[in-house]
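User: Hello! I am new to this structure and would like to look at how its helices and rings fit together. Could you walk me through it?

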Amino acid sequence: AYESLSFLKDVFLAFTMMWAAFFYIISGRNIWNVMYIGAIIVGFHCVLVVSSAAFNIPNWIAPPDMRVLTGELSVGGFTAVRTGWSQGVALFVPILFVSVLRSPSLSLLTRIITFCFFVAIIGSQLIVGGRAGLVASAMQVMIICILKKKISFGLVFVGIVVLAAYLNPYS
């Protein structure tokens with residue numbers, strides 16, 4: 001019974017998100033700004049995960065009923081399992097990457113902060129050890145680089161991510 005309720009909740013959330021985006025777009029507003037703000041918020045959470053692993057600040061642990069799955073923040077991010085975190089934050093990688101590449105309207109400081117959040121997302125994926133999310137992020141960046149005709153940059157990025165995943169002491 002719990003699984004079917006969880007499935008219905010997930011479908012309802014996805015359906016609600018799609019309808020909200022649809023109505024936002026047809027009202028003439030720019031949905032890119034909403035996605036960018038969401039990516040910045042997720043990026044900040046990824047900074048906390050990286051900080052927790054590197055400096056043990058913040059030293060948050062999971063609630064008692066979830067400690068079987070994950071213990072510390074740096075093990076599973078803000079979720080119960082590392083794979084869910086890595087794949088979830090991978091959805092925000094292309095938004096930040098395209099914002100760094102395409103936005104001459106953004107100030108230099110904003111672009112640097114956006115790039116730092118992009119690196120924090122990749123770093124949090126490396127720290128929690130979710131390889132599928134890393135592959136998704138690498139492929140998204142590669143596709144964007146192919147579309148922008150910056151294939152060499154995409155290959156270098158994918159190579160660095162693969163090497164970092166191979167040498168990752170956290171997974």
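Below, a few questions about helix packing, aromatic rings and burial are taken in turn.

User: What kind of model is this, and how are residues numbered?

Analyst: Welcome! This is a predicted model, in which local features need pLDDT of at least 70 and side-chain atom pairs count only at pLDDT 80 or more, while totals for chains, interfaces and linings use all residues. Side-chain values use heavy atoms, with hydrogens and water left out, and residues are numbered from 1 along each chain as its sequence is written.

User: At what angle do α2 and α5 pack, and what is that arrangement called?

Analyst: Helices here are DSSP runs of H or I with at least four residues, numbered from the N terminus. Axes are lines fitted to C-alpha atoms over the stretch in contact, and angles run from 0 to 180 degrees between N-to-C directions. Helix α2 (residues 31-55) and helix α5 (residues 93-102) have axes 9 Å apart and pack at an angle of about 115°. Since angles under 35 degrees count as roughly parallel, over 145 as roughly antiparallel, 65 to 115 as roughly perpendicular and the rest as oblique, α2 is roughly perpendicular to α5.

User: Which residues of α5 meet α2?

Analyst: Contact means heavy atoms within 4.5 Å. From α2 come Trp 32, Met 35, Tyr 36, Ala 39 and Ile 40, and they meet Ile 95, Leu 96, Val 98, Ser 99 and Arg 102 in α5.

User: Is α5 enclosed or open, and which of its residues are buried?

Analyst: Buried means under 20% relative accessible area, exposed over 50%, and partly exposed in between, with a 1.4 Å probe and protein chains only. Seven of the ten residues of α5 are buried, so α5 is largely enclosed by the rest of the structure. The buried residues are Val 93, Ile 95, Leu 96, Phe 97, Val 98, Ser 99 and Val 100.

User: How are the rings of Phe 97 and Phe 118 arranged?

Analyst: Rings of Phe, Tyr and Trp (its six-membered ring) pair if their centres lie within 6.5 Å; planes under 30 degrees apart count as stacked, over 60 as edge-to-face and the rest as tilted. By this rule there are three aromatic pairs. Phe 97 and Phe 118 form one with 5.5 Å centre to centre and 35° between the planes, which is tilted.

User: Where do Phe 97 and Phe 118 sit, and how far apart are they in sequence?

Analyst: Phe 97 has a relative accessible area of 4% and is buried, and Phe 118 is buried at 3%. Phe 97 lies in helix α5 and Phe 118 in helix α6 (residues 108-128), so the pair links distant parts of the chain, 21 residues apart.

User: Which helix holds the ring of Phe 157, and which cluster does that ring belong to?

Analyst: The rings of Phe 118 and Phe 157 are tilted, with centres 5.7 Å apart and planes at 35°. Phe 157 lies in helix α8 (residues 151-166), so this pair with Phe 118 of α6 ties together parts 39 residues apart in sequence. Ring pairs link the cluster of Phe 97, Phe 115, Phe 118 and Phe 157.

User: Which residues of α8 are in contact with α6?

Analyst: α6 and α8 pack at an angle of about 35°, with their axes 10 Å apart. On the α6 side, Phe 118, Ile 122 and Leu 126 make the contact, and on the α8 side it is made by Phe 157, Val 161, Ala 164 and Ala 165.

User: Is Thr 114 buried or exposed, and what does it touch?

Analyst: Thr 114 lies in helix α6 and counts as buried at 1% relative accessibility. Not counting residues up to four places away in sequence, Thr 114 touches Tyr 36, Ile 40, Leu 96, Ser 99 and Val 100.

Methods: Helices (H or I, at least four residues) and strands (E, at least two) are DSSP runs, numbered from the N terminus.
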